[in-house]
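Student: I have a structure open and want to talk through its helix packing, its pockets and its rings. Can we start with the helices?

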Amino acid sequence: MKLSVGPGAMVAAGFIGPGTVTACTVAGANFGFALIWALAFATVSTIILQEMAARLGIVSGKGLAAAMTSPENGPIARWAIIILGIAALAVGNSAYEAGNLTGGALGIEALLNGGAGTHKLVVICLSVIAAGFLAFGHYKHIEKLLITLVVMMSAAFISSVVITRPDLSALARGFIPSIPNGGLLTAVALIGTTIVPYNLFLHAATVRDKWPNGTTEAMRAARTDTVTSIGLGGIISILILSTAASALFGSGISVSSAADMAISVEPAFGVAAKYLVGIGLFGAGLSSSITAPLATAYALTEFGGLRRDGWQFRIIALTVLLIGTIVALIGVRPVEVILIAQIANGLILPIVATFLLVAMNRAKLLGTYVNSTLSNVLGSLVVIITFGLGLRLILRALNVWP
């Protein structure tokens, strides 16, 4: 069967944003290869949940937001879901958008050694490019752009790993689960930056544009696309962490963002390393600055019963972009914003994933394509583990857990 890449690549472009690059950089610089297992777990978990979201969209013809607000849930649960969805997506993604634009600008700054004036100019340029695609672009145009950016990021970070030459034995040991002292917050951030709740809404909606006929062949193509694209995205994340671990761990250099890493690797590994990291960060920022507003628009139009091809869809997407642009231009410190957003993602995820699992077991909605026992077991394990990590994080913050 011919490989048809599309919505899965959009999901990968969505989670390989500045949040991922920053979280992976901080993880590698502070803990070496010790937290690679968190990325491996997150990648497999993302494939499991996104396959369900894609199947839901193709078979039922509905997005996740529509399934979550089904009358079968009852009026109280329905309104609770709508309020949660608006809070998590509209507010959360506006904050993400600021981090996306800021991250993309940091990548260009690392290449040009620009100052504050350059930063604001690049943020505005990125915002204008994203606005053009959101306002006038069709699905196929956006899909091609995001696939191109994913390929560009792959090439950049593969090359950066080749230049920095990581210790392969230490890298392999990183797949053994362990949480180093002080590493819990970073582990949750790595999971939160990969298993992104808004991507579940985005995937369920975009598969209908790619494969509107809902055939068995479409199901196979969507599954292949999901595994291939998200698997590649997970590899990119591991490459970013490995670059930071091999270049910065134990060096005593203080690193708080990928832009810092781009500048720090130049003395030891040459100007090419700096350019590669900067290009990768720019690609991550631009790709996510499009997917976050897009996912919000898909979800909120479904929550409100609005048309996806109407003017409301584009207004919602552009509003998220505008808010993110304003916050980015104000000068809020990007690293703290990005990491806090990723941690919040990790805490919200179990709730959204639980509703997805409920929807995937409704025969009236999916017929013979309801979840198998294996899918339910795997999906439940993801929910339990992510809930446990989030709960432990909260208890530690309250000094209840050592």
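Student: At what angle do the axes of helix α1 and helix α13 cross?

Tutor: This is a predicted model, to begin with. In it, the axes of α1 (residues 7-15) and α13 (residues 271-303) cross at roughly 110 degrees and come within 8 Å. Angles of 65 to 115 degrees count as roughly perpendicular, so α1 is roughly perpendicular to α13.

Student: Which residues make the contact?

Tutor: From α1, M10, A13 and G14; from α13, S287, S288, T291 and L294.

Student: And how do the residues of that contact divide into nonpolar, polar and charged?

Tutor: There are 3 nonpolar and 4 polar residues, and no charged ones.

Student: Switching to pockets. What volume does the largest pocket have?

Tutor: About 310 Å³. It is lined by 16 residues, and the closest to its centre are Y139, Y298, R308, F313 and R314.

Student: Which elements give two or more residues to that lining?

Tutor: Those are α6 (116-136), α7 (139-164), α10 (197-210), α13 and α14 (311-330).

Student: What about the character of the lining, nonpolar, polar or charged?

Tutor: The lining of the largest pocket has 8 nonpolar, 4 polar and 4 charged residues.

Student: Now rings. How many aromatic pairs does the structure hold?

Tutor: It holds 1. The pair is Y298 with F313: the ring centres are 4.9 Å apart and the planes are at 70 degrees, so it is edge-to-face.

Student: Where do Y298 and F313 lie?

Tutor: Y298 is in helix α13 and F313 in helix α14, so the pair ties together parts 15 residues apart in sequence. Y298 and F313 are also among the residues closest to the centre of the largest pocket.

Technical notes: Residues numbered from 1 in each chain as written. Predicted model: local features only at pLDDT ≥ 70, side-chain atom pairs only at ≥ 80, totals over all residues. Heavy atoms only, no water. Axes fitted to C-alpha atoms, helices over the stretch in contact; angles between N-to-C directions. Helix = DSSP H or I, 4+ residues; strand = E, 2+ residues; numbered from the N terminus. Parallel < 35°, antiparallel > 145°, perpendicular 65-115°, else oblique. Contact = heavy atoms within 4.5 Å. Nonpolar A, V, L, I, M, F, W, Y, C, P; charged D, E, K, R; others polar. 1 Å grid on protein atoms, 1.4 Å probe; cavity = no way out; pocket = protein on both sides within 12 Å on 5 of 7 lines; lining within 4 Å. Points joined across faces, edges and corners; volume = space filled by probe spheres on them. Phe/Tyr/Trp six-rings, centres within 6.5 Å; stacked < 30°, edge-to-face > 60°.
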